[in-house]
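Subject: Structure for you to look at

Hi,

Here is the structure I promised to pass on. Have a look at it first, and then read my notes underneath.

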Amino acid sequence: MDNKIALITGASRGIGAVCAKTLARDGFDIWANYRSNDEYAQKMKNEIEQLGRKCKLLKFDVADAEAVENALSPLLEKEIPFCVVNNAGFRKDALLVWMKEEEWKSVLSVALDGYFNITKTVLPFMLRNRKGRIINITSMSAVLGVPGQANYSAAKAGLIGATKSLAVETAKRNILVNAIAPGFIGTEMLEGLPMEEIIKNIPLGRTGKPEDVAEMAAFLASEKCQYITGQVFQISGGLGA
Ligand code: NAP
């Protein structure tokens with residue numbers, strides 16, 4: 001693999017930061033996007049540099065098309081990532097009857113506009129290179145009914161559709177597009193959830209670790225993965241089995 005750059009959105013903390021470190025371990029230099037948390041982003045960058053890899057910090061909101069274009073276009077003139085991990089996301093839970101328009105739109109926008117803005121900017125370069133990997137972090141909420149997550153479930157289900165469609169569009173150019181659907185993974189995103197109750201429904205009886213997701217991303221980004229595209233991998237401790 002001669003081109004080893006991975007662009008990871010939402011890489012300052014949680015699953016994205018561990019994906020960045022895991023891909024760096026596997027030899028990738030990292031372009032790490034985040035939105036606000038400079039301190040966490042710098043810490044993650046230092047850890048990657050300790051592994052002997054380069055890390056560019058790219059601070060922008062993935063839902064802002066102009067910001068994405070401004071940040072990525074100058075870099076893409078010089079180097080092309082082999083792998084993109086569309087990971088940035090957040091949840092704003094509310095029962096639909098009380099959900100505000102902003103809660104609906106912002107959650108859809110970070111997942112779907114974010115995916116569109118990032119992928120559309122990088123894809124022409126990947127197509128020209130005739131190789132690449134796109135990994136979309138969706139959620140078990142896309143496939144299970146979760147009360148209070150109509151916005152998040154819709155966004156993440158949309159991302160599964162977008163994954164499958166793009167996989168078929170780009171297969172002939174050797175670009176593999178897959179999704180990972182985590183269940184409950186121990187990050188700040190779980191704050192405020194009734195975990196004691198939730199864990200009772202997870203067959204393995206515990207939450208997952210960001211590493212569980214990152215190792216699947218590392219496999220999908222690796223040379224070992226050659227004949228898999230358009231798939232959704234559930235990392236959920238048996239939830240949804
Ligand atoms: P997290 O710990 O809350 O981290 C979220 C990351 O996304 C942070 O780096 C944050 O940057 C970044 N981010 C948020 N909005 C952004 C935006 N508009 N533009 C750019 N970056 C943005 O979340 P996580 O648990 O690691 O989740 C990562 C992904 O996995 C998300 O897509 C989430 O939906 C999905 N997921 C998580 C779980 C879980 O149980 N944790 C389960 C299923 C799916 P700043 O810190 O700079 O704001």
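Below is what I found around the ligand and in the pocket. One thing to keep in mind is that this is a predicted model, and the values here are computed from it.

Let's start with the ligand. It has 32 residues around it, and the closest ones are Arg13, Ser36, Asn87, Tyr152 and Thr187. By class, that shell splits into 15 nonpolar, twelve polar and five charged residues.

A few polar contacts are worth finding on your screen. The side chain of Arg13 puts an N or O atom 2.6 Å from an oxygen atom of the ligand. Backbone atoms join in as well: a polar one of Ser36 is 2.6 Å from a ligand oxygen, and a polar one of Arg35 is 3.1 Å from a ligand oxygen. On its own the ligand has 900 Å² of accessible area, and the protein covers 97% of that.

Where does the ligand sit? The space it takes up is the largest pocket. The elements giving two or more residues to the ligand's shell are α1 (14-25), β2 (29-34) and α5 (150-170).

Now the pocket itself. The largest pocket holds about 1200 Å³ of space. Its lining is made of 50 residues, with Gly89, Phe90, Arg91, Tyr152 and Met189 nearest the centre. For the lining, the elements that supply two or more residues are α1, β2, α4 (101-129) and α5. Sorted by class, the lining has 24 nonpolar, 19 polar and seven charged residues.

Cheers

Terms used:
Residues numbered from 1 in each chain as written. Predicted model: local features only at pLDDT ≥ 70, side-chain atom pairs only at ≥ 80, totals over all residues. Heavy atoms only, no water. Near = heavy atom within 4 Å. Polar contact = N/O pair within 3.5 Å; in protein donor to acceptor, adjacent residues only side chain to side chain. Areas by Shrake-Rupley, 256 points an atom, 1.4 Å probe, with all protein chains shown as cover. 1 Å grid on protein atoms, 1.4 Å probe; cavity = no way out; pocket = protein on both sides within 12 Å on 5 of 7 lines; lining within 4 Å. Sits in = over half its atoms within 2 Å of the grid points. Helix = DSSP H or I, 4+ residues; strand = E, 2+ residues; numbered from the N terminus. Nonpolar A, V, L, I, M, F, W, Y, C, P; charged D, E, K, R; others polar. Points joined across faces, edges and corners; volume = space filled by probe spheres on them.
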